[in-house]
Amino acid sequence: MNKKLATMLLTACALAASATCFAQITANEAIEIGKKEVPAVAVNYGTKTEVDEIKVFFFDNKTNINYEVEIDSITGRVKELEIVGNRNIASNNVVKTEAEIRKIVLAKYPDAQNLFVKLDKEDNATVYEAEFFTPKYLKAELKLSPVTGDIGKEELKYR
């Protein structure tokens, strides 16, 4: 009898623990997590729930920049942040040097390590691509204008 009771208690505890382990965050919780990664003026305009993540979308009306925050739906941890401006930064002209682009990247991400900058062709036009990592980001990829050095897109994968 005591053995049966102990087995039932252990089974109940195991079920309770597994239910807690696999509980998913809600879309509203994901929005609150995402707000911490974007400017305060950015407005949430939607979410997309997938199997293991929730994507939260924000837009900054002042700068016309879109933000997409990918959040692990089990842990609530931010996995990736994508920042995209609404301007086309590609050009057939190259005004900025790689050294100038490096300075621009380091001004925004002073703790960037293993910074790699190169010119890349996209749809018959040129952009600068920069890749690096930081203590916060496992991998960061930026696309920059070869004329102005403006950052057109950022993909930041969190550690």
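A residue counts as buried when its relative accessible area is under 20%. Keep that cut-off in mind as you explore this predicted model.

**First stop: phenylalanine 57.** Select phenylalanine 57, which has a relative accessibility of 18% and is therefore buried.

**Next: the aromatic pairs.** The structure holds 4 aromatic pairs. To see one of them, add tyrosine 45 to your selection: its ring and that of phenylalanine 57 form a tilted pair, 5.9 Å from centre to centre with 35° between the planes. Tyrosine 45 sits in strand β1 (residues 43-49) and phenylalanine 57 in strand β2 (residues 53-60), so this pair ties together parts 12 residues apart in sequence.

Now move to tyrosine 109 and phenylalanine 132, another tilted pair, with 5.1 Å centre to centre and 45° between the planes. Here the loop between α3 (98-108) and β5 supplies tyrosine 109, while phenylalanine 132 belongs to strand β6 (residues 125-133), so the pair ties together parts 23 residues apart in sequence. Are these two rings buried or exposed? Tyrosine 109 is buried at 8% relative accessibility, and phenylalanine 132 is buried too, at 3%.

Keep both selected and add Tyr137 and Tyr158: ring pairs link Tyr109, Phe132, Tyr137 and Tyr158 into a cluster.

**Last stop: glutamine 113.** Select glutamine 113 in strand β5 (residues 113-122). This residue is partly exposed, with a relative accessible area of 37%. Which residues does glutamine 113 contact, leaving aside neighbours within four places in sequence? Show Phe132, Phe133 and Pro135 to see them. For phenylalanine 133, 20 residues away along the chain, the C-alpha atom is separated from that of glutamine 113 by 5.4 Å.

Terms used
Residues are numbered from 1 along each chain as its sequence is written. This is a predicted model: local features need pLDDT of at least 70, side-chain atom pairs count only at pLDDT 80 or more; totals for chains, interfaces and linings use all residues. Side-chain values use heavy atoms; hydrogens and water are left out. Helices (H or I, at least four residues) and strands (E, at least two) are DSSP runs, numbered from the N terminus. Buried means under 20% relative accessible area, exposed over 50%, partly exposed in between (1.4 Å probe, protein chains only). Contact means heavy atoms within 4.5 Å. Rings of Phe, Tyr and Trp (its six-membered ring) pair if their centres lie within 6.5 Å; planes under 30 degrees apart count as stacked, over 60 as edge-to-face and the rest as tilted.
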